[in-house]
Amino acid sequence: MDVKERKKIPRQAMPEQDPRRRRHNYEEVPYGYTEELAVTEAQRCLKCKKPTCMTGCPVNIRIPDFIQLIEEGKFIEAAWKLKEQNTLPAVTGRVCPQEAQCESKCILGKKGEAVAIGRLERFAADYERKSGQVKLPELPPPTGKKVAIIGAGPAGLTVAGDLVKLGHKIVIFEALHEPGGVLVYGIPEFRLPKEIVRAEVNYLKRLGVEIHTDYVVGKAKTVDELLKNGYDSVFIGTGAGLPMFMGIPGENLVGVYSANEYLTRSNLMKAFRFPEYGTTPIRSKRVITVGAGNVAMDSARTALRLGAESIIVYRRSRDEMPARAEEIHHAEQEGVKLMLLTNPVRVIGNEDGRVTAIECLKMELGEPDASGRRRPVPIKGSEFIIECDTVIPSLGNRPNPLIPMTTPDLKTTRWGTLDCDPDTLETSKKGVFAGGDIVTGAATVISAMGAGKTAAASIHEYVMTGKVTKKPKKEEKKEGAEEEKSKK
Ligand code: SF4
């Protein structure tokens, strides 16, 4: 097929569940490409000699190569190609903000629509999983080196995948009862079915990675104890799970939940499958979610599915909403209402201490602030009240503080993140490396995975030679925005 013909093919849409039906269930919203749609979409790719799309991928996936394999109908081979660089392709194919990464750099996007790289990635990874033809790479002889990984989120799983393939013994310590980090506690089932995360984790286990759940490093054992007890190196990937609140009166009332708690109850604790699972769901009449990132969209869409009227309150305008356009579109399609240029100033409760309403102010946009976005300015006398029984502040998260608190010689920044060498991700403590949100603050799944790859390369060098040399590193684009640099 010549270039002209390829350019004539329109970007293929992904079939998805009807919004009227899906707002009442937890099944995944998009169904994914069929084989036919995937091949057609793959035919759009020009297989550029200098593929600009790859410059937007934090884990350096050979994008034109895997797309070529899909075009040839070699779907399994396409998945294997993806896995050479990416430990979690079925996950990133679903939750990566491709429109701001690989797809934003696709040559076709300059005059029209980019190749749907994320949808093709998801298709190939799903094809492999469903076919059961998951190929395990041949492992080199054991090196005799042992690495502890703290946190089984995207960064930790990536480090584990890269290092186990180099012959090292890998042990992951996860604080929760299920591995996956934000992939299992934060992202709802209708965006990322947990069976997919489990399949990716099982792949690592089959490679020999050992995972201890319900194991809180910093409580059960410290980083120093791990180093004294036979580990040659430690990777810290404990993420950003400390929620930020609004700092307004009434935030301690019953009925105010951080987005983390609200989503964890539903996603990890399976409240949506009560009484099969023991966690009771939070049933509300009207839920106000404050914030407009991906986590806010997830919370608001979960509230809808739990039977509530769901409203998002955001102090800026639609143009500044940090969530992915696709997530905002899905939320609105399902019936989530947006109240823009609106800022909460007080949560109001009754004599029992329960939320009954929220008081807000109308805002207007003023001059641009440090982030380059126009600053929201309150309109005097515009106070108004919205009745509600649940409020979910979704304003982002700070790094988990437990490891820095229990490892005295680990340097932190004034934001509570770990102070690391940006090229090697080595911390101030010898043999200890870190990556993901504990270093950058809340960012994306794929940027955490990119950091995981950098850290894995440094750890490998360190355990084999006792030193780490600086390597020139590709500049990574920082995603997200001020209110909520969501991990999705
Ligand atoms: S830039 Fe676009 S067209 Fe070129 S190889 Fe990458 S995905 Fe294909």
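Q: Which residue of β4 does Val147 stand opposite?
A: In this predicted model, Val147 stands opposite Ser233 in β4.

Q: How do you know that β1 and strand β4 pair?
A: Two strands count as paired if there are at least two bridges between them. β1 and β4 (residues 233–236) have four bridges, in the parallel sense, so the pairing criterion is met.

Q: What makes β1 and strand β2 a pair?
A: The same test applies. β2 (residues 169–173) is joined to β1 over five bridges, again parallel, and the requirement is at least two, so they pair. Within this pairing, Val147 stands opposite Ile170, and Lys146 is set opposite Lys169.

Q: How do you know that β2 and strand β3 pair?
A: Three bridges run between β2 and β3 (residues 210–212), in the parallel sense. At least two are needed, so this is a pair as well. Here Phe173 stands opposite His212 in β3.

Q: What handedness does the β-α-β crossover from β1 to β2 have?
A: The chain leaves β1, passes through helix α9 (residues 154–164) and arrives at β2, and the crossover is right-handed. That name means that, with the strands pointing away from the viewer, the path from the first strand over the helix to the second runs clockwise.

Q: What makes strand β1 mostly covered?
A: Four of the five residues of β1 (residues 146–150) are buried, where buried means under 20% relative accessible area.

Q: Why is β2 called largely enclosed?
A: The count of buried residues in β2 is four of five, so the strand is largely enclosed by the rest of the structure.

Q: Why is α9 called largely enclosed?
A: Eleven of the eleven residues of α9 are buried, so the rest of the structure largely encloses this helix. Asp162 is among those buried residues, as are Leu157, Val159 and Leu163.

Q: What do the buried residues of α9 pack against?
A: They pack against the strands β1, β2 and β4, and against the helices α10 (182–185), α11 (194–206) and α18.

Q: Which residues have the most contacts inside the largest nonpolar core?
A: This core has 93 residues, and the ones with the most contacts inside it are Ile63, Ile70 and Ile236. Helix α18 (residues 445–465) gives the most to the core, with ten residues. As background, nonpolar side chains in soluble globular proteins tend to be buried together.

Q: What does Ile70 touch, not counting residues up to four places away in sequence?
A: Ile70 touches Ala38, Val39, Ala42, Phe75, Ala78, Leu120, Phe123 and Ala124. Each contact means heavy atoms within 4.5 Å.

Q: What makes the shell around the ligand nine nonpolar and one polar by class?
A: The surrounding residues are Cys45, Leu46, Cys48, Thr52, Cys53, Pro64, Cys106, Ile107, Val115 and Ile117. Cys, Leu, Pro, Ile and Val count as nonpolar, while Thr is in neither the nonpolar nor the charged list, so Thr52 is the polar residue here. The shell has no charged residues.

Q: Why is Pro141 called exposed?
A: Exposed means over 50%, and Pro141 has a relative accessible area of 65%, so the label fits. Pro141 is in the loop between α8 (117–131) and β1.

Q: Why does Pro281 count as buried?
A: Its relative accessibility is 14%, and the limit for buried is under 20%, so Pro281 qualifies. Pro281 lies in the loop between α13 and β6 and touches Ala271, Phe274 and Leu306, not counting residues up to four places away in sequence.

Q: What is unusual about the phi of Lys270, and why is this residue called buried?
A: Lys270 has a positive phi of about 60° although it is not a glycine. Its relative accessible area is 5%, which is under 20%, so Lys270 is buried. Lys270 also belongs to the loop between α13 and β6.

Q: Why is Leu341 called partly exposed?
A: The value for Leu341 is 23%, which falls between the 20% and 50% limits, so it is partly exposed. Leu341 is another non-glycine residue with a positive phi, of about 50°, and is placed in the loop between β8 (337–339) and β9 (342–349).

Q: What is the omega of the peptide bond that joins Phe274 and Pro275?
A: Omega is about 5°, and the bond is cis. Pro275 lies in the loop between α13 (259–267) and β6 (286–290).

Terms used. Residues numbered from 1 in each chain as written. Predicted model: local features only at pLDDT ≥ 70, side-chain atom pairs only at ≥ 80, totals over all residues. Heavy atoms only, no water. Near = heavy atom within 4 Å. Core = buried A, V, L, I, M, F, W, Y, C linked by side-chain atoms within 4.5 Å. Buried < 20%, exposed > 50% of the residue type's maximum accessible area, 1.4 Å probe, protein only. Helix = DSSP H or I, 4+ residues; strand = E, 2+ residues; numbered from the N terminus.
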